[in-house]
Amino acid sequence: MKKISIFVVFLFCILSFATFSGAKSNSDVNLIVKLDGKVIIEQTFQENENERTVAEKLFYFKRHKIVDKFKDDGLGNSEIIAIMFPEMAEKLEKLSAEYYKEDVNASVKFTPNNVEKFSYLSEKLGQKLALDEIYAEIIRQIDSRRIEVVAKLEYKFPKITEQQLHLNTVLRSSFKTYYGYSAPARKSNIGRALSQINGTVLENKQEFSFNNIVGARSRSRGYVEAPIIINGSFVSGVGGGVCQVSTTIYNAALLADLEVKNVAKHSLPVKYAPPSFDAMVSSVTDFKFINNTGEKIYICATCDGNYINISIYGKPLDCEIRLESIKVRDIPFKTDYIDNINAELGVEKVLSSGISGIESKGYIVKSIGSKVVSTKLIRHDIYAPQARLVSIGTKITADINENAKQNDFEISQAENQ
């Protein structure tokens, strides 16, 4: 019994000594971390021995055995270091934050009214400390009193680079129509509508709606009366001239190989675009297309008093595109006569020349080099003719009355003979 008591006392002394002296010194680890040849950490850290059992403290188990136990419990390297060397883990996490830089995509600014339409800000490379590799190397050397690690940075490249933006902001198409003959009111409406479109940017798969972008053509929004086409006739209406804007952007959209979703013809031919390539808009009729290019598109819409100019920028086309308008036949006009009580009887005057109607087809032709790769019919239209209008005089003058009376007298005398 005495021997057992002596052994217990002896064991207690060893345990106490291991816990408060020698074992404690063995638990110190000097960590040195270098990056690009420069020391970024050189510090001694104390192991958290609370995670050791009494036996592990007494016989001072190698640390890798403690690590193996944690791994069996499903813990990762960073979690193990956080338990065994909490101050070390905290130091490494702070260091990681110091070296972290978020990647920044390149950006582009679109200024449609400038000579240089686009300006660019370069991308910024992202970086972070390869912390997982540091933890892994510390675990590999976990039994050493001196752990030396060579760290490295991991770089993250931005998704969008300045070079990509340059490639995706090229002129894709342009189209212009002449409106120099227009009256000031019509020109005002055209300029107002273009100002709403100019600078439009469409994301991939985004829809362009003329009516949504331009808005209502009303007096309250600055639009004035000018000629419009209603039911086959030219009449005065608020917003006249806006259809020339929609027609111009329609042709630019076709030349940019964009997906047209909705377009309507005029009832009569228009002189500013070939047959089957006009685009009528109204409060109930819209012109729409989809950006189907895979990248953003940018729209410039300007006028100079003579021409409406539409330019569309974006990803370069993979082919050349041209538009073909084919006249199938002319549709003869008729002549309408109206009475003119102010003109002498039988006198004719042409009030408006007749204009033949047109049946037409519109094609998109795609070529690569000199080879035509596709020809697609996109429109088949009939435009109504405009009647020739002639007035006929119905006024009976005094001379005509006297001649009529003389003729009646002569006829009466002849019958009496």
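Student: Why is T285 called buried?

Tutor: This is a predicted model, and in it T285 has a relative accessible area of 17%. Buried means under 20%, so T285 falls on the buried side of the cut-off.

Student: Where is T285 found, and what does T285 touch?

Tutor: T285 lies in the loop between strand 13 (259-262) and strand 14 (288-290). Leaving aside residues up to four places away in sequence, T285 touches N211, A264 and M280.

Student: How do you know whether S246 is buried or exposed?

Tutor: We use the cut-off again: buried is under 20% and exposed is over 50%. The relative accessible area of S246 is 0%, so S246 is buried. You will find S246 in helix 10 (residues 242-255).

Student: Which residues does S246 touch?

Tutor: Not counting residues up to four places away in sequence, S246 touches F210, A279, V281 and F287. Take V281 as an example: S246 and V281 are 35 residues apart in sequence, and their C-alpha atoms are 7.0 Å apart in space.

Student: Let's turn to the helices. What makes helix 5 roughly antiparallel to helix 6?

Tutor: Helix 5 (residues 86-99) and helix 6 (residues 131-140) pack at an angle of about 155 degrees, with their axes 11 Å apart. Angles over 145 degrees count as roughly antiparallel, so that is the name for this pair. Helix 5 also passes helix 6 in a right-handed crossing.

Student: Which residues make the contact, and what are they by class?

Tutor: Helix 5 contributes M88, A89, L92, E93 and S96, while helix 6 contributes L131, I134, Y135 and I138. By class, the contact has seven nonpolar, one polar and one charged residues. Glu counts as charged, so E93 is the charged one. Ser is not on the nonpolar or charged lists, so S96 is the polar one.

Student: Now the sheet. Why are strand 2 and strand 6 called edge strands?

Tutor: The open sheet has three strands in the order 2-1-6, with mixed pairing. Strand 2 (38-46) and strand 6 (146-151) each pair on one side only, and they are the edge strands. From one strand to the next, the twist averages 15 degrees.

Student: How do you know that strand 1 and strand 6 pair, and in what sense?

Tutor: Two strands pair if there are at least two bridges between them. Strand 1 (residues 28-35) and strand 6 have six bridges, so they count as paired, and the sense is parallel. One place to look is I32, whose bridge partner in strand 6 is E148.

Terms used. Residues numbered from 1 in each chain as written. Predicted model: local features only at pLDDT ≥ 70, side-chain atom pairs only at ≥ 80, totals over all residues. Heavy atoms only, no water. Axes fitted to C-alpha atoms, helices over the stretch in contact; angles between N-to-C directions. Helix = DSSP H or I, 4+ residues; strand = E, 2+ residues; numbered from the N terminus. Parallel < 35°, antiparallel > 145°, perpendicular 65-115°, else oblique. Left-handed = near helix turned anticlockwise from the far one by under 90°. Contact = heavy atoms within 4.5 Å. Buried < 20%, exposed > 50% of the residue type's maximum accessible area, 1.4 Å probe, protein only.
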